Amino acid sequence: MKFCKKYQEYMQKRGIRHLPGVGFKRFKKILKRCREEHQIERDGVHVSSSSSSSCPVCDGTFFPTLLKEMSAIAFCFNSRAQKLLQLHLATGFEKYLILMKNRFQGKHVQLIEEGEDLVTYATVNAIAIRKILKKYDKIHHSKQGQAFRLQARSMSIEILHSPWLNELIAFYINLKETKSTVRTIPGLLDECSVKFDQGKPSLSCILFDSVHIEIDLTCSICLDTVFDPVSLTCGHILCYMCACSAASVTTVDGIKAAHPRAKCPLCRKACSFALSYAFEGVYRGAVHLDELNILLSRSCPEYWMERLKSERIERIQQAKKHWETQCRTFVGV
């Protein structure tokens, strides 16, 4: 079965049809007209126009339309994943309120199924977008599709690079390892695990249609396994304290207090387009990866306890220094 048909059938499923998707069939028709137009130009007098970067069929509409659809998909996926993980991590009265608000039973099997559905939704749409852009480049003999993917990644709408996808994978592994009722359920994310290659950790996962994701879990600042990880809006994962240090803020102030122009230590980006804001700093839009934090604490417990003790001392020192400064400012010393 061709992917176009597979995609159409998947998006018509119950529970999926009301979610935003890519107009895969529509884009294919546009690209078919582009190919026919280019063929006519090659066979006609204006042969040189076939090598032109402009296209009379899709110019001005193709990429803006695709960008709009990608933004809708990314927003839908991120918001749903956030709600699901919020439910799993919540405790006490907070969890009860979330359950009442979302009318969710909260059973682990149901959480697993919801998580797998979200990962499948993200993967299927990512494959559809990749195929559309690949076909665009092939027909137009250009690299505009490839450039568009890089632009989408910088705008935080490349769905396979979403921090919430990383969190869902970690969430699935956590439930599989801790709940005996979940271990026996075969699922999409069975080939997901934390791997240590020569002491370097990574989160590895094989998704729908053999899409392979490999996420490096080494902090680029301390060069160790990320501890209390956060994902910046540029996509890089750092330890929370390392990120605060790079942003020139203390853990008391928090990473959100970083200056909007504070740069990522890796890519040196200061700002990134976000779905909720037109323009924001890479630190202010950072996502705390709580599920990944739990997963790593189980994967390397000795390292975790040692790092926890050292960071606790550092945080106490920072808090002490912060409040001493505040007191001196208050009394005018």
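**Strands, a cavity and two loop residues in a predicted model**

Me: How many of the seven residues of strand β2 are buried?
Reply: This is a predicted model. Strand β2 covers residues 200-206 and is mostly covered. Of its seven residues, the number that are buried is five.

Me: Which residue in β2 is the bridge partner of Phe196?
Reply: Strand β1, residues 192-197, pairs with β2 in the antiparallel sense, and six bridges join the two. Phe196 lies within that residue range of β1. Its bridge partner in β2 is Pro201.

Me: Which residue in the turn between β1 and β2 has a positive phi?
Reply: The two strands β1 and β2 form a hairpin, with two residues between them. In this turn, a positive phi of about 55° belongs to Gln198.

Me: Which residue in β3 stands opposite Leu203?
Reply: On β2, five bridges lead to strand β3, made of residues 212-216. The strands β2 and β3 run antiparallel. Opposite Leu203 in β3 stands Ile215.

Me: Which residue takes a positive phi in the hairpin of β2 and β3?
Reply: Five residues lie between the strands of this hairpin. The one with a positive phi near 60° is Asp209.

Me: What space lies in the largest cavity?
Reply: Rolling a probe the size of a water molecule over the atoms reveals where empty space remains. With a threshold of 30 Å³ or more, the count is one cavity. The space in the largest cavity is about 40 Å³.

Me: Which helix gives the most to the lining of the largest cavity?
Reply: The lining consists of Met70, Ala126, Ile129, Arg130, Arg149, Ile157, Glu158 and Ile159. By class, five of these residues are nonpolar, none is polar and three are charged. With three residues, the helix that gives the most is α5, residues 108-140.

Me: Is His141 buried or exposed?
Reply: His141 is found in the loop between α5 and α6 (144-154). Although not a glycine, His141 has a positive phi of about 50°. Exposed means over 50% relative accessible area. Because the relative accessibility of His141 is 62%, this residue counts as exposed.

Me: Why does Leu223 count as exposed?
Reply: Leu223 has its place in the loop between β3 and β4 (229-231). Leu223 is not a glycine, yet its phi is positive, at about 60°. The cut-off for exposed is over 50% relative accessible area. Leu223 therefore counts as exposed, with a relative accessibility of 58%.

Definitions and conventions. Residues numbered from 1 in each chain as written. Predicted model: local features only at pLDDT ≥ 70, side-chain atom pairs only at ≥ 80, totals over all residues. Heavy atoms only, no water. Buried < 20%, exposed > 50% of the residue type's maximum accessible area, 1.4 Å probe, protein only. Helix = DSSP H or I, 4+ residues; strand = E, 2+ residues; numbered from the N terminus. Pairing = 2+ DSSP bridges. 1 Å grid on protein atoms, 1.4 Å probe; cavity = no way out; pocket = protein on both sides within 12 Å on 5 of 7 lines; lining within 4 Å. Points joined across faces, edges and corners; volume = space filled by probe spheres on them. Nonpolar A, V, L, I, M, F, W, Y, C, P; charged D, E, K, R; others polar.
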